Amino acid sequence: MVVSQCPDLDDLPSLPVMERKHLPEVRCIYFVLSPEGAVLYIGQTSNLRRRWIAHHRFANLADCQEVRIVWMATDDADIASVERALIERYHPSMNGAYYIAGTVVDKAAEPTTNVSVNIRVPVDLRDALAAYARRENRSLGGTVAWLVKRETGRTLAQILAGAMEPSRPR
Amino acid sequence: MRAIVVSEVAMPADTKMVTTLMELDLLARVDDFRFEQRFKSRAAAMKFLMDAALKAGLKPTAEDHERWS
């Protein structure tokens, strides 16, 4: 798909966000429309219904009856390029905003703004992290951020394939 | 430089606190990962990621070391 073939959103199927449990389980690009018809957000998903059952980015929209979800089913292998092209075309106001636990932290924040994060970890994991940091001659905090950054750059399948017996805390 | 403080609260006795500075972009990616994979908290997602990284034996490249210094 090329940008010049932007879909007419009025011709696409849609549902109010309140009825998101009835969304189809399709691979698609989806649009979030305000009651006035403005495009608030554009995203992609391999399963629209599953994506919206717990869409953390829109915790604040979930109770707004007049917001609509419009979707465009696609088999395009390069769905990410299609999404990017549509974002460039529509400039949705909520794409690019940063959400922490479902809340916009700072719409104008730079991606490189530093955030201090404190987490409690099991002693054995903390010891393993400390040993790793010592081996690499780095701080514990810097090591944690680097490891998380490396892992979020991989898909879950790659993570599971690379990790022996990953213990998944749920 | 602006800083936003975000804390996870979990209090089992056999745990220790780890503090790190992360870029907002990375924290947003962690949250995406957390919700997509249905982890109960950001801390749980981060523990999974750290654990997996250690078990995979990830090694920093020379470029990584340069960025750290």
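Here are some numbered notes on this predicted model, meant for someone meeting it fresh.

1. Housekeeping comes first. Residues count from 1 along each chain as its sequence is written, and chains are lettered from A, with ligands numbered from 1, in the order in which they are written. As the model is predicted, local features need pLDDT of at least 70, side-chain atom pairs count only at pLDDT 80 or more, and totals for chains, interfaces and linings use all residues, while side-chain values use heavy atoms, leaving out hydrogens and water.

2. How confident is the predictor about chain A? The average pLDDT (confidence per residue, from 0 to 100) is 78, and 70% of the residues score at least 70. Among the elements of chain A (DSSP runs numbered from the N terminus: helices are H or I with at least four residues, strands E with at least two), strand S4 (residues 68-73) has the highest mean, 93, and strand S6 (residues 103-104) the lowest, 58. Residues 163-170 of chain A stay under 50.

3. Chain B has three helices and two strands, in the order β-β-α-α-α along the sequence. Of its 69 residues, 49% count as buried (under 20% relative accessible area; exposed is over 50%, partly exposed in between; 1.4 Å probe, protein chains only).

4. Within chain B, helix H1 (residues 24-36) packs on H2(B) at about 95°, with the axes 9 Å apart. Axes here are lines fitted to C-alpha atoms over the stretch in contact, and angles run from 0 to 180 degrees between N-to-C directions. That makes H1(B) roughly perpendicular to H2(B) (65 to 115 degrees; under 35 is roughly parallel, over 145 roughly antiparallel, the rest oblique). The contact (heavy atoms within 4.5 Å) includes B:Leu27 and B:Phe33 from H1(B), and B:Met46 and B:Leu49 from H2(B). By class there are seven nonpolar, no polar and three charged residues (nonpolar: Ala, Val, Leu, Ile, Met, Phe, Trp, Tyr, Cys and Pro; charged: Asp, Glu, Lys and Arg; polar: the others, Gly among them).

5. Which helix of chain A meets H2 (residues 42-55) of chain B? Helix H4 (residues 140-152) does, with axes coming within 9 Å and crossing at roughly 90°. H4(A) is therefore roughly perpendicular to H2(B). Among the residues involved are A:Val144 and A:Leu147 on one side, and B:Met46 and B:Leu49 on the other. This contact has nine nonpolar, one polar and one charged residues.

6. Have a look at A:Glu136 too, in the loop between H3 (123-135) and H4 of chain A. A:Glu136 counts as buried because its relative accessibility is 9%. Beyond neighbours within four places in sequence, A:Glu136 touches B:Lys59, B:Pro60 and B:His65.
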